[in-house]
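Dear colleague,

Please find below the structure that I am handing over to you. My account of what was found in it follows directly after.

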Amino acid sequence: MKTSFLTFVSALALGAAAATAEEVRVYNWSDYIDEALLTKFEEETGIKLIYDVFDSNDVLETKMLAGNSGYDVVVPTGAFLQRQIAAGVFQKLDTSKLSNKGNMWDMVEARTATYDPGNAYSINYMWGTTGLGVNVAKVKEVLGEDAPIDSLALIFDPANMEKLASCGVQILDASDEMIPAALAYLGEDPTSQDKDVLAKAEPVLAAIAPYVQKFHSSEYINALANGDICVAMGWSGDVLQARDRAAEADNGVEIAYNAPSEGALMWFDQMAIPADAPNPEAAHTFLNFIMDAQNMADASNYVYYANGNKASQPLLEEDVIGDPAIYPSEATMENFYTVSPYPPKVQRVVTRMWTKIKSGT
């Protein structure tokens with residue numbers, strides 16, 4: 001899921017004549033679209049686009065649950081979407097207004113149905129996995145040529161972590177991702193919400209916590225790119241950003257991203273229309289625009305994330321569609337899992353566990 005810091009809030013207009021034109025307000029993750037598409041939308045539709053950005057699901061959820069956000073299209077991550085649908089935050093899509101709906105990828109829609117039954121309330125924008133970002137040279141220097149860079153053992157085996165601490169390891173500050181990963185490492189069901197099963201993750205995480213440089217959900221991008229750390233458990237797109245930044249800097253740092261062989265969490269960023277959207281008609285126009293094969297390809301080619309639009313795939317650049325870190329093989333994808341929000345009582349247990357693990361008490 002997209003996690004870079006809030007960098008801008010922009011409003012695009014076609015000039016003074018557009019001041020009184022119909023408008024649509026979109027709220028998306030920061031640095032998550034080719035801005036040329038925003039201009040293209042206005043030129044093709046004549047609808048003024050107000051495009052604002054956020055940097056965390058919590059920020060979005062607070063605004064959505066409070067109501068009267070003023071937005072016509074928002075982009076929550078799947079698990080948050082599920083909770084928000086239950087709270088009545090979104091309206092069902094009118095598919096008669098979405099002529100490009102047939103472009104969507106049935107494999108992705110089968111998985112997003114976990115959060116949005118029948119995909120009645122949302123469309124997929126981008127998706128990715130949670131996995132291992134590795135400074136290949138440093139890790140092999142510490143652990144040897146046979147270092148398990150595609151296995152959760154890299155971070156969950158305390159013997160490995162004790163050695164890797166010398167070059168730096170950062171892990172997501174995300175209990176709903178790290179606990180399932182620890183369960184996958186143990187061979188348990190990572191999607192379990194059984195308190196007894198979840199408890200099995202605590203000793204695994206507690207054993208490695210002393211060797212974790214930082215629990216954080218965005219700082220690892222620059223830390224990996226600069227060579228300040230050698231391993232991060234993070235989101236695929238962020239690790240790939242680190243890889244590309246290192247390559248552009250030509251600093252001798254080679255970053256690789258691997259979805260763990262034991263299974264990786266697959267996440268989805270979904271576009272949905274709030275129940276109280278000021279202009280649901282224009283919102284549908286925007287969603288249909290995004291579902292155009294060329295437009296979606298342009299978005300993915302810009303941000304280097306996989307999307308849920310099957311028709312866009314022939315239009316993707318080779319270094320996007322041909323990169324298994326972005327578009328894994330079907331065999332690899334069969335090993336991915338999705339998780340649902342924990343019920344309140346279970347969430348309290350998970351929160352206490354995570355706080356205890358991070359504090360070491």
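Y304 sits in the loop that runs between α14 and β11 (306–307). Although Y304 is not a glycine, its phi is positive, at about 60 degrees. Please note that this is a predicted model, and that the values in this message are computed from it.

The helix before that loop, α14, spans residues 293–303 and includes N301. With a relative accessible area of 12%, N301 is buried, since the cut-off for that term is under 20%. Apart from neighbours within four places in sequence, the residues in contact with N301 are L315, L316, E317 and V320.

A second asparagine, N288, belongs to helix α13, residues 280–290. Its relative accessible area is 14%, so N288 is buried. When neighbours within four places in sequence are set aside, N288 touches K97, L98, S99 and N100. Measured against A66, by contrast, N288 is 222 residues away in sequence and 27 Å away in space, C-alpha to C-alpha.N119 is a further asparagine, placed in the loop between α4 (106–112) and β5. N119 is not a glycine, yet it has a positive phi of about 50 degrees. Its relative accessibility is 9%, and N119 therefore counts as buried.

The next point concerns the cysteines. How many disulfides does the count give? The count comes to one disulfide, and it joins C167 to C230 with an S to S distance of 2.0 Å. C167 lies in the loop between α7 (158–164) and β6 (169–171), while C230 lies in the loop between α11 (220–226) and β8 (231–235), so the pair ties together parts that are 63 residues apart in sequence. The link of C167 and C230 is right-handed, with 60 degrees about the S-S bond. Both C167 and C230 are buried.

Helix α3 covers residues 78–86, and its buried residues are G78, A79, F80, L81, Q84 and I85. The elements that cover these buried residues include α2 (57–66), β5 (122–135) and β10 (265–272). Just after α3 comes G88, which takes a positive phi of about 75 degrees.

As for the chain as a whole, it has 17 helices and 11 strands. A compact globule of 361 residues would have a radius of gyration near 21 Å, and the value for this protein chain, 21 Å, agrees with that. Taken along the principal axes, the C-alpha atoms fill a box of roughly 65 × 50 × 35 Å. Of the 361 residues, 55% count as buried. Among contacts between residues at least 6 apart in sequence, 75% join residues at least 24 apart.

Two items on the surface and the charges complete this account. The protein chain exposes about 14,400 Å², of which carbon and sulfur atoms supply 49%. The chain has 24 positive and 50 negative charges, and the mean positions of the two sets are 8 Å apart.

With kind regards

How values were computed: Residues are numbered from 1 along each chain as its sequence is written. This is a predicted model: local features need pLDDT of at least 70, side-chain atom pairs count only at pLDDT 80 or more; totals for chains, interfaces and linings use all residues. Side-chain values use heavy atoms; hydrogens and water are left out. Helices (H or I, at least four residues) and strands (E, at least two) are DSSP runs, numbered from the N terminus. Buried means under 20% relative accessible area, exposed over 50%, partly exposed in between (1.4 Å probe, protein chains only). Contact means heavy atoms within 4.5 Å. The radius of gyration is taken over C-alpha atoms; the globule rule is 2.2 Å times the number of residues to the power 0.38. Accessible areas come from the Shrake-Rupley method with a 1.4 Å probe; for residues, only the protein chains shown count as cover. Lys and Arg count as positive and Asp and Glu as negative; His and the chain ends are not counted. The place of a charge is taken as NZ of Lys, CZ of Arg, CG of Asp or CD of Glu. A disulfide is a pair of cysteine sulfur atoms within 2.5 Å.
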